[in-house]
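Me: I've got a protein structure open and I'd like to learn how to read it. Can you walk me through it feature by feature?

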Amino acid sequence: MAMGAHCSWLLRSLLPSLWEAEVAISAVALLAAAVALLLILEETASATSPPSSTTKSYDRDRRCRTRGSGKGSRAVAEPGCAGDEITLVADSSRSRSTTAYVIKLELVSAKYLIGANLNGTSEPYAVISLGEQKRFSPMVPSQRNPVWGEAFSFLARELPAEVTITVYDWDNVCKRKVIGSVTVAILAEDETGAVWYDLDSRSGQICLRISSKKVLSTSDIFFKQYTGAKSQREMILTRQQLAMTEDSGPLHATIEVPHDEIVHHSYSCALERSFLRYGRMCISSWHLCFQSHVFSKQLNVIIPLQDIYEIRRSQHSLINPAITIFLRTGAGGHGVSPLCCQNGSVRYKFTSFWNRNRTFRALETALQSYRATLEAEKQMGSHLLLKGESMNVISSRTDNIKTEDRRIGLTITFQPFINEHVLVDITSNTFPGTPEKFFTVILGDDAMFFQQYRNARKDTDLKLSKWHVSDEYGGNVREVTFRSLCHSPLCPPDTAVTELQHASFSNDKRNLIYETKQQAHDVPFGSYFEIHCRWSLRTTSSSTCQVDIKIGVNMKKWCILQSKIKSGVTEEYRREVCEILEAASDYDVKAESNGPNREDIVVTSSA
């Protein structure tokens, strides 16, 4: 009896009553009616309102693709189609060309910036913008006088154009402070030297070098000058005569990438900022894109694969694996500024993956495919260049031996002797002689200049090897070793120095590139850095040449004092190269007047 009562109570508690069933059925019916009404209103509104820009763009792409889908037909773009930007006609001998301007801006340095931190220093970085194009410089830690030496390229459809440079103070937690900004108007094609501009703040100046050049948008030089993944992509498609089709739809309706981009992989993840911004990562053949919509704030990041220098597995926290993407020098400006490391490199960090290793392998595969495409394009270009050269040789009926030598010369590519990305302009002056004379009198194996100069500086144990031909770098190289006095209280009395020198003439002997890389072995952190220097000598008359000197500190390893090392070494070596240039000019003038008694000339130095 008790068991029956218990079962009856259990059934009454599990099964709903008649009143509860009626309420549930009425609620479901009301909800279904509301959904049906909303759908009817939405269809009515879409039928009466004009189509959106995204729909128009997609419809235009569909019309463009439909017209070129027939077998053997041409890929023709209707007016207003995406094909207006790049017209690829398989059987046409002439393509439409439009003019554009490539603007190159070199962010050299800044000085007297406002101290935004409590200790009176700043972590400055610059945002350079032209229209909707933006570039980000690396952050320089604890500096009011930063040295960047970064070059950026922009594309302008017409001149005049305005470039805005805004300097910010980096802060991981608080809102980034604006240190100052300046807007530079580019009125016509021109190339300026290093010019200092005042920032619109109570203190601060920034040094820029700007050049602009008019090019044709369908020429190869246009795609080589303008740095962008989209331009390289269009160049490759144009050369290979590939019609751009849209098989799987656009990459994303809210991200400005070409309409024919196809999503190969899509992952849910988060972008590390002051807090994690959750969104979705999309990977195509040319871009890595991320979109987030958190707290009603839209965030889009577009990273061309050509800007990615390295990808690493990393950790956001102990149990949250991440992927860190390091960008190449000068890259940035893809929707949101990248993070900055202590060594000045820029990066994006993505985390909160469902499967981090799977995403990492997909990124590696996309990068390898992209680089293989570029390598194939380079080989194709080299093949076409060799083919055109051989045709020219045949038409001019030159000697077979000369033809073989020229072909071999075209295929040789030399390694860079120094790191060009760290170089900063130091001085520009005139030398009283031609570049060939400079090499003979100052750098030659029989020249006595360096012996006398090192003796004047009280350097010892000087050993100069003979110049010899370099198969790796081209031109001639030699090694110089000596012991140099140290004037810093943190250094020993003297240190062993090794300097590698490289010299290369142009074919007409009117230009000379003289490069050095120097390493001090006994100073603190001496194995962490090298001093790179480039002398560019250009003939201006029969008896003079223009000398432009750039120097930079190439950090081989990161250390906590690298910003102080860079600033101190750059200033000390700047004084030394100015002394060498002044002493070389005096030495050449005295050698010209004294004739063969060159060894009696004493080179004085202020060291």
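Me: Let's start with the surface. How much area does the chain expose, and which atoms supply it?

Reply: Keep in mind that this is a predicted model. A surface figure tells you how much of the chain is open to the outside, and you can split it by atom kind. Here the chain exposes about 34,300 Å², and carbon and sulfur atoms supply 54% of that.

Me: And the inside? What share of the residues is buried?

Reply: A residue counts as buried when its relative accessible area is under 20%. In this chain of 607 residues, 41% are buried.

Me: How many helices and strands should I look for?

Reply: Look for 10 helices and 24 strands. You can also ask how far along the sequence the contacts reach. Taking contacts between residues at least 6 apart in sequence, 57% join residues at least 24 apart.

Me: How do I read a sheet? Which strands sit side by side, and in what order?

Reply: Go across the sheet and note each neighbour in turn. One open sheet here has 4 strands in the order β3-β2-β5-β6, with antiparallel pairing. Its edges are β3 (133-136) and β6 (177-186); each has a single partner strand, so one side of each is left without a neighbour in the sheet. On average, neighbouring strands of this sheet are turned by 20 degrees against each other, ignoring direction.

Me: Can we zoom in on one pair? How many bridges join β5 to β6?

Reply: Strand β5 (residues 161-169) runs antiparallel to β6, and 9 bridges join the two. To see one of them, find aspartate 169: its bridge partner in β6 is lysine 177.

Me: Next, nonpolar cores. Which residues have the most contacts inside the largest one?

Reply: For a core, look at buried nonpolar side chains that touch one another. The largest has 34 residues, and Phe438, Ile442, Leu443, Phe449, Trp535, Val547 and Ile549 have the most contacts inside it. At least two residues each come from α8 (435-443), α9 (449-456), β22 (511-520), β23 (529-539), β24 (545-555) and α10 (562-594). Helix α10 gives the most, with 9 residues.

Me: What does isoleucine 549 touch?

Reply: Skip its neighbours within four places in sequence, and its contacts include Val424, Ile426, Cys533, Trp535, Val577 and Leu581. There's also a second, separate core of 28 residues, with Ile103, Leu159, Ile179 and Ile186 among them.

Me: Last one: salt bridges. How many are there?

Reply: The count comes to 17. For each pair, check the N to O distance, then see how exposed the partners are. Take arginine 312 and glutamate 310, whose side chains meet at 3.0 Å, N to O. Arginine 312 is partly exposed at 41% relative accessible area, and glutamate 310 is partly exposed too, at 29%.

Me: Which parts of the chain does the bridge between lysine 437 and aspartate 588 link?

Reply: Distant ones: lysine 437 is in helix α8 and aspartate 588 in helix α10, 151 residues apart. Their closest N and O atoms are 3.5 Å apart. Lysine 437 is partly exposed at 24%, whereas aspartate 588 is buried at 2%.

Me: Are aspartate 459 and arginine 457 buried or exposed?

Reply: Both are buried, and they form a salt bridge with the closest N and O atoms 3.5 Å apart. They also belong to a network: salt bridges with shared partners join Arg454, Arg457, Asp459, Glu576 and Glu579.

Methods:
Residues are numbered from 1 along each chain as its sequence is written. This is a predicted model: local features need pLDDT of at least 70, side-chain atom pairs count only at pLDDT 80 or more; totals for chains, interfaces and linings use all residues. Side-chain values use heavy atoms; hydrogens and water are left out. Buried means under 20% relative accessible area, exposed over 50%, partly exposed in between (1.4 Å probe, protein chains only). Contact means heavy atoms within 4.5 Å. Accessible areas come from the Shrake-Rupley method with a 1.4 Å probe; for residues, only the protein chains shown count as cover. Two strands pair if DSSP finds at least two bridges between them. Axes are lines fitted to C-alpha atoms, for helices over the stretch in contact, and angles run from 0 to 180 degrees between N-to-C directions. A nonpolar core is a set of buried Ala, Val, Leu, Ile, Met, Phe, Trp, Tyr and Cys residues joined through side-chain atoms within 4.5 Å. A salt bridge is a side-chain nitrogen of Lys or Arg within 4 Å of a carboxyl oxygen of Asp or Glu.
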